[in-house]
Every structure is written in C-alpha cells, then in structure tokens.
Amino acid sequence: MKTKPIPAIIMLTAGFVTCIVGILTHIETIRFVKVLLIVLLIFYVLGCIVKMIIDSNFKEMEEDTTDGEDVSENDEADGEQEQKPEEPEEEQEEK
C-alpha cells in the first residue's frame, strides 16, 4: 500500500480547516500565520505517526502470509496438473 502521501493529506486537511475557521472568525493575519504554522507542524507529525502505524500493520500482515505456505497457490498448481488431459495408451504406442 502506498502510504507516502498520508502525512501531507492529513496536514493539508488540518490547514484547510484552520483557514476556514480563521476566515470565519476574522482573526488577525500575524496571529493566523502563527496558528497555521503550529497546526501544520502538529498535524504533519501526527500524519507521520499514522503512516508508521499503517506501514507496520501491513508489514505484519505480509509476514503472516509469507510465513505459512499459501494454500491457494498449491491448490492452483495441483489443479493445473489434474486438468492436463492424458493421451490414451493407444495413441502413445503409435507415436
């Protein structure tokens, strides 16, 4: 799973909400910029933490599936062998 953009998405979403709230409350520009910077930093760190958690969970899931033999692959291989029609003995003798 591609998790690289998760911190940026979380950070930008929080920044967007902060902008909307700042516009609606008519906050001063200097104070708004300070608040926005703090919000972006905090939510970027939170996004990185979320990304690490998701990566570790998917890594564990991949390790679980590779530790044991995958039954579906073995079944498919057996099925392919069974599906091949065998030539009758008479045709084999003629060749």
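## Helices and fold

Helices here are DSSP runs of H or I, at least four residues long, numbered from the N terminus. The model is predicted. By that assignment, the protein has four helices and zero strands. Along the sequence, the pattern reads α-α-α-α. Helix α1 covers residues 6–25. Helix α2 spans residues 29–67, and helix α3 takes in residues 71–83.

The protein has 95 residues, and 14% of them are buried.

## Confidence

The average pLDDT for the protein is 82. A score of at least 70 is reached by 69% of the residues. Confidence peaks in helix α1, with a value of 96. It is lowest in helix α3, where the mean is 54. Where pLDDT is low, predicted coordinates should not be read in detail.

## The salt bridge in α2

A search of the whole structure turns up one salt bridge. Side chains of opposite charge can pair when their charged atoms come close. Here the partners are D55 and K51, with an N to O distance of 3.0 Å. That lies inside the cut-off, because a salt bridge needs a Lys or Arg side-chain nitrogen within 4 Å of an Asp or Glu carboxyl oxygen.

How far apart are D55 and K51 in helix α2? They are four residues apart, so about one helical turn separates them. D55 is partly exposed, at 28% relative accessibility. K51 is also partly exposed, at 23%.

## A nonpolar surface patch

Eight names make up a nonpolar patch on the surface: I38, I42, F43, Y44, V45, L46, I49 and I53. Together they offer about 700 Å² of accessible area. Y44 sits in helix α2. At 41% relative accessibility, Y44 counts as partly exposed. Y44 therefore clears the area cut-off for a patch, which is over 30%.

## T18 and its backbone contact

T18 belongs to helix α1. Is T18 buried or exposed? T18 counts as buried, since its relative accessibility is 13% and the limit for burial is under 20%. A polar atom of the T18 side chain lies 2.8 Å from the backbone oxygen of A14.

## Cysteines

A disulfide is a covalent bond between the sulfur atoms of two cysteines. How many disulfides does a search of the whole structure find? It finds zero. C19 is partly exposed, with 26% relative accessible area. C48 is partly exposed too, at 24%.

## Before α1 and after it

K4 lies in the segment before α1. Its relative accessible area is 74%, so K4 is exposed. K4 and M52 are 48 residues apart along the chain. Their C-alpha atoms are separated by 10.0 Å.

H26 is in the loop between α1 and α2. Its phi is near 55 degrees, a positive value in a residue other than glycine. H26 counts as exposed, with 70% relative accessibility.

Conventions: Residues are numbered from 1 along each chain as its sequence is written. This is a predicted model: local features need pLDDT of at least 70, side-chain atom pairs count only at pLDDT 80 or more; totals for chains, interfaces and linings use all residues. Side-chain values use heavy atoms; hydrogens and water are left out. pLDDT is the predictor's confidence in each residue, from 0 to 100. Helices (H or I, at least four residues) and strands (E, at least two) are DSSP runs, numbered from the N terminus. A disulfide is a pair of cysteine sulfur atoms within 2.5 Å. Buried means under 20% relative accessible area, exposed over 50%, partly exposed in between (1.4 Å probe, protein chains only). Patches are made of residues with over 30% relative accessible area and no salt bridge: like charges are joined within 9 Å, nonpolar side chains (Val, Leu, Ile, Met, Phe, Trp, Tyr) within 5 Å. Accessible areas come from the Shrake-Rupley method with a 1.4 Å probe; for residues, only the protein chains shown count as cover. A polar contact is a pair of N or O atoms within 3.5 Å; within protein, one must be able to donate a hydrogen and the other to accept it, and residues adjacent in sequence count only if both atoms are side-chain atoms.
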